[in-house]
Amino acid sequence: MLARQEELEISLTEAHWLLEDDRYQVHFGIGSGRHYRKPRSNGCYHLRIDGTRAFIHWDEWDPRRHPIEHFFETPVLWGSALAIAVGTWLLSSNDND
């Protein structure tokens, strides 16, 4: 069973087989490699191919249709947003000095 937000490593053969039906669309994502998404009735599948490895998981919220909900279901995005916010604050506070 594929768990929500939990990456499962699959073979490159399986990944390429999944891409053959053209229902996966190129998309951006966190982590290295190429990212693809496939809509489903409750969210989307997220396939990531990184060199010789491939990973898949499903998101309850498809970021293309529900970006705010997807942000809150993905903790790694919180860290990225916090880092950007702190960096922006530090840069702006240095400009004021």
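## A five-strand sheet with three helices

R40 sits across from G43 in strand 4, one small detail of a fold built around a sheet. Keep in mind that this is a predicted model. Overall, the chain has three helices and five strands, and along the sequence they come in the pattern β-α-β-β-β-β-α-α. The notes below start with the sheet, then go through the helices, two residues in the strands, and some whole-chain numbers.

**The sheet**

- The five strands make an open, antiparallel sheet, and their order across it is 1-5-4-3-2.
- Strand 1 (8-10) and strand 2 (25-27) are the edge strands; each has a single partner strand, so one side of each has no neighbour in the sheet.
- Going from one strand to the next, the twist averages 35 degrees.

**Strands 2, 3 and 4**

- Strand 3 (residues 34-40) runs antiparallel to strand 4 (residues 43-50), and seven bridges link the pair.
- These two strands form a hairpin, with two residues between them.
- If you want to trace the register here, R40 faces G43, and P39 faces C44 in strand 4.
- Strand 3 also pairs with strand 2, again in the antiparallel sense, this time over three bridges.
- For that pairing, a handy landmark is H27, which stands opposite H35 in strand 3.

**Helices**

- Helix 1 (residues 12-19) lies across four strands: strand 1, strand 3, strand 4 and strand 5 (53-59).
- Against strand 4, helix 1 runs at about 130 degrees.
- Helix 1 also has the highest mean pLDDT among the elements of the chain, at 94.
- At the other end of that scale is helix 2 (residues 67-73), with the lowest mean pLDDT, 66.

**R34, in strand 3**

- R34 lies in strand 3 and is partly exposed, with a relative accessible area of 48%.
- Its side chain makes a polar contact of 3.1 Å with the side chain of Y36.
- Setting aside neighbours within four places in sequence, R34 touches V26, L47, R48 and I49.
- Of those, take R48: it is 14 residues from R34 along the chain, yet the two C-alpha atoms are 5.6 Å apart.

**D59, in strand 5**

- D59 belongs to strand 5.
- Is D59 buried or exposed? D59 counts as buried because its relative accessible area is 0%, and the cut-off for buried is under 20%.
- The side chain of D59 has a polar contact with the side chain of H57, at 3.0 Å.

**The chain as a whole**

- Of the 97 residues in the chain, 29% are buried.
- The accessible surface adds up to about 6,700 Å², and carbon and sulfur atoms account for 60% of that.
- Looking at contacts with a separation of 6 or more, 40% are between residues 24 or more positions apart.
- On confidence, the mean pLDDT of the chain is 78, and 71% of the residues reach 70 or more.

Note on methods: Residues numbered from 1 in each chain as written. Predicted model: local features only at pLDDT ≥ 70, side-chain atom pairs only at ≥ 80, totals over all residues. Heavy atoms only, no water. Pairing = 2+ DSSP bridges. Axes fitted to C-alpha atoms, helices over the stretch in contact; angles between N-to-C directions. Contact = heavy atoms within 4.5 Å. Buried < 20%, exposed > 50% of the residue type's maximum accessible area, 1.4 Å probe, protein only. Areas by Shrake-Rupley, 256 points an atom, 1.4 Å probe, with all protein chains shown as cover. pLDDT = per-residue confidence, 0-100. Polar contact = N/O pair within 3.5 Å; in protein donor to acceptor, adjacent residues only side chain to side chain.
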